[in-house]
Amino acid sequence: MTFEFHQKVLFKHCDPAGIVFFPRYFEMINDCVETYFDQVLCNPFEEIHPVGAVPTAQIQTRFSAPSRHGDHLIFRMKITKIGRSSAEYSVVASCAQEERLTSVATLVHVDSKGGPTAWPADIRKKLEAFRDDAL
């Protein structure tokens, strides 16, 4: 299954040349992940963060084409692997059928001290249901 997150490119995302400044893409990817946790896993970050977190442990991204102010991006996210305390996902962002970036990242579920801890059973079950076995 694929989760879709829509993002219009705003002025704040752009550099003086009018294209998305690459660190802003990482903010957009994080917005996609945060929305996924809220809407799909029913476990919003504001409920996770008082007792732990899900930081990104690794991310690899390829930028295919620039995005410009006013573009409407669609981020398509898939869960690709699930470990005891980690989850790998892929994201493809596109605009009008043109790929703009691809990214693969790993999140780690950590406790309040920052140590890896197993996914709660209910979250793991939802992650498993959303996993893309085709990758």
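**Charges, fold and helix 1 in a predicted model**

Biologist: How far apart do the centres of the positive and negative side chains lie in the protein chain?
Modeller: This is a predicted model. Its protein chain carries 15 positive and 17 negative side chains. The centres of these two sets lie apart by 3 Å.

Biologist: In what order do the elements of the protein chain run from the N terminus on?
Modeller: There are 3 helices and 7 strands to place. Read from the N terminus, the order is β-α-α-β-β-β-β-β-β-α.

Biologist: What is the radius of gyration of the protein chain, and what does the globule rule give?
Modeller: For 135 residues the globule rule gives 14 Å. The value for the chain is close to that, so the chain is as compact as a globular protein of that length. Its radius of gyration is 15 Å.

Biologist: What share of contacts with a separation of 6 or more joins residues 24 or more positions apart?
Modeller: A contact here means heavy atoms within 4.5 Å. Among contacts in the protein chain with a separation of 6 or more, the share from residues 24 or more positions apart is 66%.

Biologist: What distance separates the end C-alpha atoms of helix 1?
Modeller: Helix 1 covers residues 22-39, which is 18 residues. At 1.5 Å a residue it should span 26 Å, and the model agrees. The end C-alpha atoms are apart by 26 Å.

Biologist: Which residues of helix 1 are buried?
Modeller: Buried means under 20% relative accessible area. In the whole protein chain, 42% of the 135 residues are buried. In helix 1 the buried residues are Tyr25, Met28, Ile29, Cys32, Val33, Thr35, Tyr36 and Phe37.

Terms used
Residues are numbered from 1 along each chain as its sequence is written. This is a predicted model: local features need pLDDT of at least 70, side-chain atom pairs count only at pLDDT 80 or more; totals for chains, interfaces and linings use all residues. Side-chain values use heavy atoms; hydrogens and water are left out. Helices (H or I, at least four residues) and strands (E, at least two) are DSSP runs, numbered from the N terminus. The radius of gyration is taken over C-alpha atoms; the globule rule is 2.2 Å times the number of residues to the power 0.38. Buried means under 20% relative accessible area, exposed over 50%, partly exposed in between (1.4 Å probe, protein chains only). Lys and Arg count as positive and Asp and Glu as negative; His and the chain ends are not counted. The place of a charge is taken as NZ of Lys, CZ of Arg, CG of Asp or CD of Glu. The expected span of a helix is 1.5 Å times one less than its number of residues.
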